[in-house]
Amino acid sequence: MLWWKFESVTFKIADNTRYTPDFGVFYADGVMEYVDAKGGGPIDPKSVVKVKCAADQFPQFRFVIEQRRAKKDGEIGRAHV
């Protein structure tokens, strides 16, 4: 990782609909990744739809959702969209 920034970019994914990922991360291999960090509770389906829409419209970037899980399950789960 070369660089990261909190809420650095907002994507317009539809009329009157915007998506601001929690983190932008730039890696040494040239990949720009946007991370949506979630707590331990259920993930709002609207959040998943926004991330998927952003991934479809901006294929040059990688979008992931990370969710805190119970310690016994490995603490953090990561889903690439």
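Reader: Where is E7 placed?
Author: E7 sits in the loop between β1 and β2. Bear in mind that this is a predicted model.

Reader: What is phi of E7?
Author: Phi of E7 is near 45°, which is a positive value in a residue other than glycine.

Reader: And is E7 buried or exposed?
Author: Neither label applies: the relative accessible area of E7 is 44%, so E7 is partly exposed.

Reader: Which loop has N16, and what phi does N16 take?
Author: N16 is in the loop between β2 and β3 (17–19). Its phi is near 60°, again positive in a residue other than glycine. N16 has a relative accessible area of 78%, so N16 counts as exposed.

Reader: Back up a bit. How many helices and strands are there in the protein?
Author: There are one helix and seven strands. Starting at the N terminus, the order of elements is β-β-β-β-β-α-β-β.

Reader: What about confidence? What pLDDT does the protein average?
Author: The average pLDDT is 89, and 85% of the residues score at least 70.

Reader: Which element has the lowest mean pLDDT?
Author: Strand β7 (residues 76–80) has the lowest mean, at 60, while β4 has the highest, at 98. Where pLDDT is low, the predicted coordinates should not be read in detail.

Reader: Let's use β4, then. Which strands does β4 pair with?
Author: On one side of the list is β1 (residues 3–6), which pairs with β4 (residues 23–26) in the antiparallel sense over four bridges. β4 is also joined to β5 by four bridges, and these two strands run antiparallel.

Reader: What is the bridge partner of W4 in β4?
Author: W4 has V25 as its bridge partner there. As for β4 and β5, G24 stands opposite Y34.

Reader: How many residues lie between the strands in the hairpin of β4 and β5?
Author: Five residues lie between them, and G30 in this hairpin takes a positive phi near 90°.

Reader: Switching to packing. Which residues make up the largest nonpolar core?
Author: The core has 10 residues: F11, I13, Y19, M32, Y34, V51, A54, A55, F63 and I65. At least two residues each come from β2 (11–14), β5 (32–38), α1 (45–57) and β6 (62–68). The largest share, three residues, is supplied by α1.

Reader: F11 is listed in that core. What does F11 touch?
Author: Not counting residues up to four places away in sequence, F11 touches T17, R18, Y19, P21, Y34, F58, F61 and F63.

Reader: Plenty of rings in that list. How many aromatic pairs does the structure hold?
Author: It holds 10 aromatic pairs. In the pair of F11 and Y34, the ring centres are 5.1 Å apart and the planes are at 85°, so the pair is edge-to-face. F11 is in strand β2 and Y34 in strand β5, so this pair ties together parts that are 23 residues apart in sequence.

Reader: Are F11 and Y34 buried or exposed?
Author: Both F11 and Y34 are buried.

Reader: Which residues do the ring pairs link into a cluster with F11?
Author: The cluster links F11 with Y19, Y34, F58, F61 and F63.

Reader: On to the helix. Where does K50 lie, and what does K50 touch?
Author: K50 lies in helix α1. Leaving out residues up to four places away in sequence, K50 touches I13, T17, R18 and Y19.

Reader: How far apart are K50 and T17?
Author: K50 and T17 are 33 residues apart in sequence and 8.7 Å apart in space, C-alpha to C-alpha. The relative accessibility of K50 is 31%, so K50 counts as partly exposed.

Reader: And S47, buried or exposed?
Author: S47, which also lies in helix α1, has 16% relative accessibility and therefore counts as buried. Leaving aside neighbours within four places in sequence, S47 is in contact with D36 and K38.

Reader: Last one, overall totals. What share of the residues is buried?
Author: Buried residues make up 26% of the 81 residues. The accessible surface is about 5,400 Å², with 54% of this belonging to carbon and sulfur atoms. Of the contacts with a separation of 6 or more, 42% are between residues 24 or more positions apart.

Conventions. Residues are numbered from 1 along each chain as its sequence is written. This is a predicted model: local features need pLDDT of at least 70, side-chain atom pairs count only at pLDDT 80 or more; totals for chains, interfaces and linings use all residues. Side-chain values use heavy atoms; hydrogens and water are left out. A nonpolar core is a set of buried Ala, Val, Leu, Ile, Met, Phe, Trp, Tyr and Cys residues joined through side-chain atoms within 4.5 Å. Buried means under 20% relative accessible area, exposed over 50%, partly exposed in between (1.4 Å probe, protein chains only). Contact means heavy atoms within 4.5 Å. Rings of Phe, Tyr and Trp (its six-membered ring) pair if their centres lie within 6.5 Å; planes under 30 degrees apart count as stacked, over 60 as edge-to-face and the rest as tilted. Two strands pair if DSSP finds at least two bridges between them. pLDDT is the predictor's confidence in each residue, from 0 to 100. Accessible areas come from the Shrake-Rupley method with a 1.4 Å probe; for residues, only the protein chains shown count as cover.
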